[in-house]
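Here are a few exercises to work through with the viewer open. Try each task before you read its solution.

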Amino acid sequence: MHAGATPSWVIRENASTGALLALYLREVLGVASPAELPRLRDVGRIGPEGARDVDAHDALEKQWREWWSMTVEPEAHPSPVPLELVEEFGTAVALPVSGAEALAAAIRPHAEAGLAWAEWAHERYRTASAARSGDTYRAYAGSIAEHEREVGRRAHSFELNVEVLPLAASGIWWIGEKTVAVTDTLRSDAAAFDDAIHPIIAELA
């Protein structure tokens, strides 16, 4: 989405299957990071608590965090080594050829269920987004216009990625330098979303 010629703004809203899949695997593996981001609704850990020793779990958490950063903002977090596809996930998951062995081994048994859930959640977002029709543009353009009135100038050029996710708690969280996660239930409430996105716009614009 763009407003005017110069300056301009670009906002991309999605529920990307990559982010959804990473968060699904976060749940089933019992990964705690990032601590500030709520859990998914109706998805829980698979397997007994304490199935890994502390060192093994710490290594898994570290590898998942690195993968999450690459998934959310790949340009800002490039892999230092080449990537290779995890065969069970088709083209959906590419991990570093070295340094992600524990994560690759842990996620393989969850490929079928994870892919199915991520596709279901993505389609659910697409249906909800289509029902909002022109509201998507209005939600952001309105907040930018309000910010411009408050500060008495045009908004600075900026980019923002918005991931709409089925999280258990309502809210909005920074998950990257220019990426936020917002709960799907909050995104569906126009007035509440306007209030929530405004400080994000103000910080960027």
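**Exercise 1.** Work out in which sense S5 and S6 pair, and over how many bridges.

*Solution.* Strand S5 (residues 172-174) and S6 run antiparallel, with 3 bridges; strands here are DSSP E runs of at least two residues, helices are H or I runs of at least four, both numbered from the N terminus, and pairing takes at least two DSSP bridges. For one of the contacts, look at Ile-172, whose bridge partner in S6 is Val-182. Then check the connection: 4 residues sit between S5 and S6, which form a hairpin.

Before going on, a note on the model: it is predicted, with local features needing pLDDT of at least 70 and side-chain atom pairs 80 or more, while totals for chains, interfaces and linings use all residues. Residue numbers start from 1 along each chain as its sequence is written, and side-chain values use heavy atoms, leaving out hydrogens and water.

**Exercise 2.** Find the sense in which S4 and S6 pair, then decide whether S6 is buried or exposed.

*Solution.* Strand S4 (residues 158-165) pairs with S6 in the parallel sense over 5 bridges. Glu-163 is the residue opposite Ala-181. Now go through S6 (residues 179-183): 5 of the 5 residues are buried, so the strand is largely enclosed by the rest of the structure. (Buried is under 20% relative accessible area, exposed over 50%, partly exposed in between, with a 1.4 Å probe and protein chains only.) Take one face at a time: Thr-179, Ala-181 and Thr-183 are buried on one side, Val-180 and Val-182 on the other.

**Exercise 3.** Which residues of helix H4 make a tilted ring pair, and how do they compare in burial?

*Solution.* Start from the total, which is 4 aromatic pairs. (Phe, Tyr and Trp rings, the six-membered one for Trp, pair with centres within 6.5 Å; planes under 30 degrees apart are stacked, over 60 edge-to-face, the rest tilted.) Trp-117 and Trp-120 have ring centres 6.4 Å apart and planes at 50°, so this pair is tilted. Both are in helix H4 (residues 111-132), 3 residues apart, or about one turn of the helix. Trp-117 has 13% relative accessibility and counts as buried, whereas Trp-120, at 49%, counts as partly exposed. Finally, add Tyr-24, which forms one aromatic cluster with Trp-117 and Trp-120.
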